[in-house]
Structure formats: structure tokens, C-alpha cells
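Hi everyone, thanks for coming. Have a look at the structure on the screen, and then I'll walk you through a few parts of it.

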Amino acid sequence: MTIRQARKAKGVYGKWKEENLQLALVAISEGVGVNEAARRYNIPSATLKRYNKRKDAKIRQPGHPLDLSQEVENDLVTHLLQLEKMFYGLIQRSVMQLAYEIAEKNKLATRFNKETKSGGKEWFSGFMKRHPELRLRQPEATSLARASGFNRVVVGKFFDTLEQLVDQHKLTAARIFNMDETSHTVVQRQEKILAEGKTSGWSHFFV
């Protein structure tokens, strides 16, 4: 049995997705070797070499293009990581809804559900695979006051972030409000949030 026959018998051929092919071609254009890109995105190297030679050819593999472009997804990842560092990690449902809002605001043609106003579970699954720097993690159910209290490192991190936001948005004292916590729940039920791939060590609010 030839190598091609063996790989076909294992189901490698015809199983790759169009979005993986596109990502592999982008990786090659950025200097990644063909064999490495083929391994990384689970595409036969011969297939990848063929499409790399004729990038303008129409891809015959059934599938759908990305709902959000790679650039938009990268911006979303940056935003999610920033929220997590600010103790406002988003749960899966909120991320799917945010993706829909981004698509609507930018008038992007997507397969998102207009009734639920949300990206689908299939999109979220693909999004997580395309961005391994993100992980769904179980945070400690605690309030921000407790997370920032009596801990020099966390307190310093909180005020560094606050100072950065005040400078970035040029906030004045008139735009900073003190809110009474009466009737406001600060400890929410525990759901997994989008966080950085490594263990963060921070406590979180939920959004």
C-alpha cells in the first residue's frame, strides 16, 4: 500500500475544511513551511502544495468562508483578553452575541441567527480552534471588592488598569461615578469564561 493509499484509508483525504485550507495558505505566505502548515491544519501536504501553486483557483472543497474575517477575529481575541484582565471575563453566550453585534454593525454577511441575535455553536467551536490562546476556564465566584482587597499585587494591577483607561479615554472626574451596591449582585453564578490559555490566577465578574 502506498503512503497516499494508507492516508486515504485513514480518512485524511477529503476531510479537511475550506477555512483550514485558507489558514494554511496564509501561514505559508507568512513563511511557514508547506509540510508544517499541512500538519498544523490537518491537510494533506500534496493538496496544500497544489492549492498553494494556484491560489487564485476556485476551491472545490465544500464548506463556508469565515463569518468574521481573520483580522476581525484577532481584534475580538484582543478585546476578550483585555476584559479578562479587567475582571470582566465573558461567558460563551456573551461572546456569541458580541460576534453577532460586530457583524451587524459592520454589515457583514454571516450565517448567524437573526432571531437569537447570536453566533452559532459551530462558529464558536471553530473560533476557539482558530485561537488556541483562548480557553474556557472556571473562575472563582467572588466579588471584585474581595478580589482586589488586601492583596498588593491585585490592587496594583487594578489601579494600573484604571489609570490606563482614564488616560486612554481622557476621562474627567465628572465622568467617574460612585455606585451604591444595594440591590446589585456582585457574586454571580459560576460559568466558564473566555480567558488566556495559561492559568490567570485572577478572580472575575461575569458578563
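Let me start with one word: a residue is called buried when its relative accessible area is under 20%. With that in hand, 31% of the 207 residues of the protein chain count as buried. Please keep in mind that this is a predicted model.

Now the overall layout. The protein chain has nine helices and four strands. If you follow the sequence, the order is α-α-α-α-α-β-α-α-β-α-α-β-β. How much of the contact count comes from residues 24 or more positions apart? Among contacts with a separation of 6 or more, the share is 69%. As for the outside, the chain exposes about 14,200 Å², and carbon and sulfur atoms supply 51% of that.

Let's zoom in on helix α6, which covers residues 92-105. Its 14 residues, at 1.5 Å each, should span 20 Å, and the end C-alpha atoms are indeed 20 Å apart, so the two values agree. Which residues of α6 are buried? They are Ser94, Val95, Met96, Leu98, Ala99, Tyr100 and Ala103. A handy reminder here: an α-helix has 3.6 residues a turn, so residues three or four places apart point the same way. The buried residues of α6 pack against three elements: α5 (70-85), α7 (121-130) and β3 (193-196). After α6 comes lysine 107, with a positive phi near 55°.

Next, the inside. The largest nonpolar core has 20 residues, and those touching the most other members are Leu80, Val95, Trp123, Phe127 and Leu134. Helices α5, α6 and α7 each give two or more residues to this core, and α6 gives the most, with six. Another core lies apart from it, made of ten residues, including Leu21, Leu25, Ile28 and Leu48. In general, nonpolar side chains tend to be buried together in soluble globular proteins.

Let me finish with two leucines. Leaving out neighbours within four places in sequence, leucine 80 is in contact with Leu90, Val95, Phe127, Leu134 and Leu194. That brings us to leucine 194, which sits in strand β3. Is leucine 194 buried or exposed? Its relative accessible area is 1%, so leucine 194 is buried. Beyond residues up to four places away in sequence, leucine 194 touches a whole list of residues, among them Leu80, Gly89, Val95, Phe124, Met128 and Leu134. Leucine 134 is 60 residues away along the chain, yet the C-alpha atoms of leucine 194 and leucine 134 are separated by 6.3 Å.

Thanks for listening!

Conventions
Residues numbered from 1 in each chain as written. Predicted model: local features only at pLDDT ≥ 70, side-chain atom pairs only at ≥ 80, totals over all residues. Heavy atoms only, no water. Buried < 20%, exposed > 50% of the residue type's maximum accessible area, 1.4 Å probe, protein only. Contact = heavy atoms within 4.5 Å. Areas by Shrake-Rupley, 256 points an atom, 1.4 Å probe, with all protein chains shown as cover. Expected span 1.5 Å × (residues − 1). Core = buried A, V, L, I, M, F, W, Y, C linked by side-chain atoms within 4.5 Å.
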